[in-house]
Number of protein chains: 2
Amino acid sequence: MTDFHLDPRLASDCIILGETDFSLLLLMNNSLAPWFILVPKRNETEIFELPKEDQLALLEEINLLSGFLRTVMKVEKLNVAAIGNIVRQLHVHVVGRSSTDFRWPDVVWGAQEKTPYSIAEVRSILAALEGYLPEGILLKRWPEGR
Amino acid sequence: MTDFHLDPRLASDCIILGETDFSLLLLMNNSLAPWFILVPKRNETEIFELPKEDQLALLEEINLLSGFLRTVMKVEKLNVAAIGNIVRQLHVHVVGRSSTDFRWPDVVWGAQEKTPYSIAEVRSILAALEGYLPEGILLKRWPEGR
């Protein structure tokens with residue numbers, strides 16, 4: 001994919017865990033809730049503008065992260081959203097929510113509270129994710145660039 | 001579909017515009033932003049738990065509403081989300097956003113401001129939607145039950 005550059009706001013707020021053929025996988029650097037962001041390596045800004053095959057690739061990755069959050073991280077509820085009012089680059093939030101978390105039952109978008117991850121915490125999440133995902137799907141990029 | 005009943009909170013907040021084979025189509029009764037809600041006639045509470053064919057049916061309906069909001073209603077941005085922290089029945093928000101709207105750039109979920117639609121406004125939106133959607137997809141239900 002040419003001409004793809006991660007939006008600077010996403011790069012600043014998130015940890016780049018890795019990438020798939022289709023997208024970058026980010027972790028919002030806020031340990032108050034497990035919060036992944038998929039950034040398709042595409043230039044469209046809305047899901048419905050993507051070609052059908054790209055929509056299906058995105059759906060598959062959302063499904064994988066959803067399964068990980070529910071079965072491994074044991075979250076109570078998933079919040080899945082494409083918003084993009086501030087950052088226009090297409091990105092999809094897949095957030096694991098629990099009734100004891102920092103914003104429940106409100107949505108996490110717009111919240112100011114933030115507790116960055118420790119390196120050990122990121123390593124642990126990434127290891128669990130690598131163990132869950134089908135082999136070969138995720139090309140790990142963390143801690144590149146730290 | 002047996003054993004499907006619309007959640008009372010959704011029924012109270014929204015206008016039932018109609019239904020497809022797969023879902024109910026609601027309009028949030030708040031004219032401050034064009035805000036559709038798809039409620040699959042299913043019992044799962046997360047998208048990833050739906051069988052693949054149901055996921056594809058949902059994606060297709062999201063695409064249709066997205067196209068309507070962008071090409072007919074000329075919104076600047078789409079906000080598409082499955083949240084469900086309060087109402088657990090699976091429902092997907094497809095909201096048309098504009099930089100002049102009541103909450104921009106914040107998300108609409110949790111907002112208290114509300115201006116209910118007039119009957120003429122609902123009639124107009126429904127007519128425009130029926131004109132946009134492929135024939136036979138939407139079984140109109142409004143103003144049934146008013």
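Student: Hi! Which residue of chain A comes closest to the rotation axis?
Tutor: A:Ala81 does, with its C-alpha at 2.0 Å. This is a predicted model, where local features need pLDDT of at least 70, side-chain atom pairs count only at pLDDT 80 or more, and totals for chains, interfaces and linings use all residues. Residues are numbered from 1 along each chain as its sequence is written, while chains are lettered from A and ligands numbered from 1 in the order in which they are written.

Student: What turn and shift lay chain A on chain B?
Tutor: A turn of 180° with a shift of 0.0 Å along the axis, giving an RMSD of 0.0 Å. That is the relation of a two-fold axis. The superposition is by least squares on the C-alpha atoms of residues with pLDDT of at least 70 in both copies.

Student: And how many residues of chain A are in contact with chain B?
Tutor: 26 residues of chain A meet 26 of chain B, a contact being two C-beta atoms, placed from the backbone, within 7 Å. On chain A's side, α2 (52-72) and β4 (77-82) are the elements that give two or more residues. Helices (H or I, at least four residues) and strands (E, at least two) are DSSP runs, numbered from the N terminus.

Student: In which sense do β4(A) and β4(B) pair?
Tutor: Antiparallel, over three bridges; strands pair if DSSP finds at least two bridges between them. One of the bridges has A:Val80 with B:Ala82 as its partner.

Student: Cool. How many strands form the sheet?
Tutor: 12, in an open sheet with antiparallel pairing, in the order β6(A)-β1(A)-β2(A)-β3(A)-β5(A)-β4(A)-β4(B)-β5(B)-β3(B)-β2(B)-β1(B)-β6(B). β6 (139-140) of chain A and β6 (139-140) of chain B stand at the edges with a single partner strand each, so one side of each has no neighbour in the sheet.

Student: Switching topic: how many residues does helix α2 of chain B have?
Tutor: α2(B) has 21 residues and reaches 30 Å from first C-alpha to last, close to the 30 Å expected at 1.5 Å a residue (the expected span is 1.5 Å times one less than the number of residues).

Student: Which of its residues are buried?
Tutor: Among them are B:Leu58, B:Ile62, B:Leu65 and B:Leu69. Buried means 20 or more other C-beta atoms within 10 Å of a residue's own, exposed 12 or fewer, and partly exposed in between, with C-beta atoms placed from the backbone.

Student: What covers them?
Tutor: The cover includes β2 (23-28), β3 (35-40), β4 (77-82), β5 (92-97) and α3 (119-132) of chain B.
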